[in-house]
Amino acid sequence: MSLPEKAFPVSWDQFHRDARALAWRLAGLNQNFHAIVCITRGGLVPAAIISRELNIRLIETVCIASYHDYVNQGEMNLLKGITPELSKDGGAGVLVVDDLTDTGKTASEVRAMLPKAHFACVYAKPSGVPMIDTFVTEVSQDTWIYFPWDMGFTYQEPIAKGAKG
Ligand SMILES: O=P(O)(O)OC[C@H]1O[C@H](OP(=O)(O)OP(=O)(O)O)[C@H](O)[C@@H]1O
Ligand code: HPA
Ligand SMILES: [Mg+2]
């Protein structure tokens, strides 16, 4: 697959604001989550912000990767699963956090491990939306989200010369 048509660049400020907006939504559910399971690596950043806002101090990781060469998704690679302490009741009362859902495959893989957990991510594309309980911003499927931890400052082509957005 080549790079999707549209670009959605996100700055650190914007990501912090959007992750906080996610925390507000989650707080409004009054569900009293006792732990966060964050899907590494992308979920580490929103998990740090949400754990601070909601005062959740028990943080676990599930280490899973499927995008092996930037935009192309390969097979799911589960490097570390979830402690039985958190998965024993199907993950009831657990909040699962990721940066985004795209095809929904990553979330679906983790849902199979924690069917009763609440799934949250900051950004969502339409194919992944059915896998997620709470998110903040939806972008179209033909959009690539550029996260600040993947970026550096570079020259931008003017719009009139064909900049992508
Ligand atoms: O909905 P999907 O199509 O499954 O894609 C979403 C997943 O892809 C990215 O992770 P990636 O596998 O690139 O690993 P990373 O978090 O370590 O960057 C992203 O952080 C999500 O976890
Ligand atoms: O749009 C995206 N941006 C960054 N990482 C991703 N992994 C899957 N989709 C995306
Ligand atoms: Mg990820």
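Modeller: A residue is called buried under 20% relative accessible area, exposed over 50% and partly exposed in between, as computed with a 1.4 Å probe and the protein chains only. This is a predicted model, in which local features need pLDDT of at least 70 and side-chain atom pairs count only at pLDDT 80 or more, whereas totals for chains, interfaces and linings use all residues. Residues are numbered from 1 along each chain as its sequence is written, chains are lettered from A and ligands numbered from 1 in the order in which they are written, and side-chain values use heavy atoms, leaving out hydrogens and water.

Biologist: Why does M76 count as it does, buried, exposed or partly exposed?

Modeller: M76 has 22% relative accessibility, which lies between the limits of 20% and 50%, so M76 is partly exposed. M76 belongs to strand β4 (residues 72-80), where helices (H or I, at least four residues) and strands (E, at least two) are DSSP runs numbered from the N terminus. M76 is in contact, meaning heavy atoms within 4.5 Å, with I64, A65, S66, K105, T106 and E109, once residues up to four places away in sequence are set aside. A48 lies 28 residues from M76 in sequence, and their C-alpha atoms are 24 Å apart.

Biologist: Which residues does UniProt list under "binding site", and how do you know whether they cluster or are scattered in space?

Modeller: The record, an unreviewed entry, places that feature at D102 and I145. They are spread over 44 residues of sequence, yet the largest C-alpha distance is 9.7 Å, and they cluster in space. The lining of the largest pocket includes both D102 and I145; a pocket is an open set of points on a 1 Å grid over the protein atoms alone, where a 1.4 Å probe fits and protein lies on both sides within 12 Å along at least five of seven lines, and lining residues have an atom within 4 Å of a point. UniProt positions follow the numbering used here, with shortened feature names, and annotations may be inferred rather than shown by experiment.

Biologist: What makes D102 buried or exposed?

Modeller: D102 has 15% relative accessibility, which is under 20%, and therefore counts as buried. D102 sits in the loop between β5 (94-101) and α4 (105-113), and beyond four places in sequence its contacts are Y67, K125, S127, G128, Q141 and W144.

Biologist: And on what value is I145 classed as buried or exposed?

Modeller: At 5% relative accessibility, also under the 20% limit, I145 is buried. I145 lies in strand β8 (residues 143-146) and touches F8, V10, L100, Y123, K125 and V139, not counting residues up to four places away in sequence.

Biologist: How do you know what surrounds ligand 1?

Modeller: A residue is near a molecule if one of its heavy atoms lies within 4 Å of it, and 16 residues surround ligand 1, the closest being Y67, D98, D99, T103 and T106. A polar contact here is a pair of N or O atoms within 3.5 Å, a limit met by oxygen atoms of ligand 1 at 2.6 Å from an N or O atom in the side chain of Y67, at 2.5 Å from one in the side chain of T103 and at 2.9 Å from a backbone N or O atom of G42. The protein covers 89% of the 500 Å² of accessible area that ligand 1 has on its own, by the Shrake-Rupley method with a 1.4 Å probe.

Biologist: What sets the peptide bond from T40 to R41 apart, and where is R41 found?

Modeller: The bond from T40 to R41 is cis, with omega near 0 degrees, and R41 is in the loop between β2 (35-40) and α2 (44-54). Most peptide bonds are trans, and most residues other than glycine have a negative phi.

Biologist: What phi does N30 have, and is N30 buried or exposed?

Modeller: N30, although not a glycine, has a positive phi of about 50 degrees, and its relative accessible area of 66% is over 50%, so N30 is exposed. N55 has a positive phi of about 55 degrees and, at 52%, is likewise over the limit and therefore exposed.

Notes
A polar contact is a pair of N or O atoms within 3.5 Å; within protein, one must be able to donate a hydrogen and the other to accept it, and residues adjacent in sequence count only if both atoms are side-chain atoms.
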